[in-house]
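User: I am new to this structure and would like to go through it in short questions. Please keep the answers plain.

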Amino acid sequence: MQTEGLKILGFRHELQIFDIATGKLIDSEVQFNRIPQAGLDFLIQSPFGVVAAIPNFYCTLYSNNFLADGNTSAADLPGVMGEFTAYSEATRPAWVHAYNGAGTLDNAASKAVFTPTADGVAYGSVIVANPTKGATTGLLLSVVRYATIKPLSAGMEAKLLCGITYIPTNVL
């Protein structure tokens, strides 16, 4: 079977951290993700009705020095990943995505916002199908580890942009 035709770069995560008082951008980083095997299975099967669609996904941050692999799942979030939950939003922010008509689905128009209420750090970010902070269920679709640890504290606001792009590689 020929496998040329479509390339998926994975999800792109961009975390921006702002000082709320001044509006100044403190830190920003872009990374491409790891899609765990369950996420790959979902992305290839869901459009064709092999598995049920999942109507909503949510974003979260994690605080432990964790390196994802193909078996990473939502069950890892509260323990080994150390989900960062010290933010004022009641639930994980929704990943409110839109399609740009040219192969990209992202939340550029409605970034996920985290308003820290205590000191912490973010080693990375996640897209998961469960809105409850600290939950261990729901499909973990995407996980990113940042190159540098991101300090978080009260008086800051973290904004997360996540998106996926499909690129045709068979130009006719």
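User: Is strand β8 largely enclosed or left open by the rest of the structure?

Analyst: The model is a predicted one. In it, β8 has nine residues, and seven of these are buried. The strand therefore counts as largely enclosed.

User: In what order do the strands of the open sheet that holds β8 follow each other?

Analyst: The sheet is made of four strands, and their pairing is antiparallel. Strands β4 (83-84) and β9 (140-152) each have a single partner, so they stand at the edges with one side lacking a neighbour in the sheet. The order is β4-β3-β8-β9.

User: How many bridges join β8 to β9?

Analyst: Strand β8 covers residues 120-128 and runs antiparallel to β9. One pair of opposite residues is Val128 and Leu140, the latter in β9. The number of bridges between the two strands is eight.

User: Which residue of β8 is the bridge partner of Thr60?

Analyst: Strands β3 and β8 are antiparallel and joined by five bridges. Strand β3 spans residues 58-62, and the partner of Thr60 in β8 is Val126.

User: Which element gives the largest share of the largest nonpolar core?

Analyst: This core has 26 residues, and those touching the most other members are Phe11, Leu15, Phe114, Leu141 and Leu160. Elements that give two or more residues to the core include β1 (6-19), α1 (37-45), β8 and β9. The largest share is five residues, and it comes from β10.

User: Which residue of β8 is in contact with Leu141?

Analyst: Neighbours within four places in sequence are left aside here. The contacts of Leu141 then include Phe11, Pro36, Phe42 and Phe57. Strand β8 covers residues 120-128, and the contact of Leu141 in that range is Ile127.

User: How many residues are in the other core?

Analyst: Another core lies apart from the largest one. Among its members are Phe66, Ala74, Met81 and Tyr123. Its size is 11 residues.

User: How is the aromatic pair of Tyr62 and Phe66 arranged?

Analyst: Both rings belong to buried residues: Tyr62 has 0% relative accessibility, and Phe66 has 12%. The ring centres are 6.1 Å apart and the planes stand at 90°. Planes over 60 degrees apart count as edge-to-face, so this pair is edge-to-face.

User: How far apart in sequence are the parts that the pair of Tyr87 and Phe114 ties together?

Analyst: The two ring centres are 5.1 Å apart with the planes at 85°, so this pair is edge-to-face. Both residues are buried. Tyr87 lies in the loop between β4 and β5 (98-99), whereas Phe114 is in strand β7, so the parts tied together are separated in sequence by 27 residues.

User: Which residue forms one aromatic cluster with Tyr87 and Phe114?

Analyst: Tyr87 and Phe114 pair edge-to-face. The cluster that holds these two also takes in Phe84.

User: Which residue has its charged end over the ring of Tyr87?

Analyst: A charged end sits over a ring at two places described here: Lys159 lies over the ring of Phe18, 5.2 Å from its centre. Over the ring of Tyr87, the charged end is 4.0 Å from the ring centre and belongs to Lys133.

Terms used. Residues are numbered from 1 along each chain as its sequence is written. This is a predicted model: local features need pLDDT of at least 70, side-chain atom pairs count only at pLDDT 80 or more; totals for chains, interfaces and linings use all residues. Side-chain values use heavy atoms; hydrogens and water are left out. Two strands pair if DSSP finds at least two bridges between them. A nonpolar core is a set of buried Ala, Val, Leu, Ile, Met, Phe, Trp, Tyr and Cys residues joined through side-chain atoms within 4.5 Å. Buried means under 20% relative accessible area, exposed over 50%, partly exposed in between (1.4 Å probe, protein chains only). Contact means heavy atoms within 4.5 Å. Rings of Phe, Tyr and Trp (its six-membered ring) pair if their centres lie within 6.5 Å; planes under 30 degrees apart count as stacked, over 60 as edge-to-face and the rest as tilted. A charge sits over a ring if NZ of Lys or CZ of Arg is within 6 Å of the ring centre and within 35 degrees of the ring normal.
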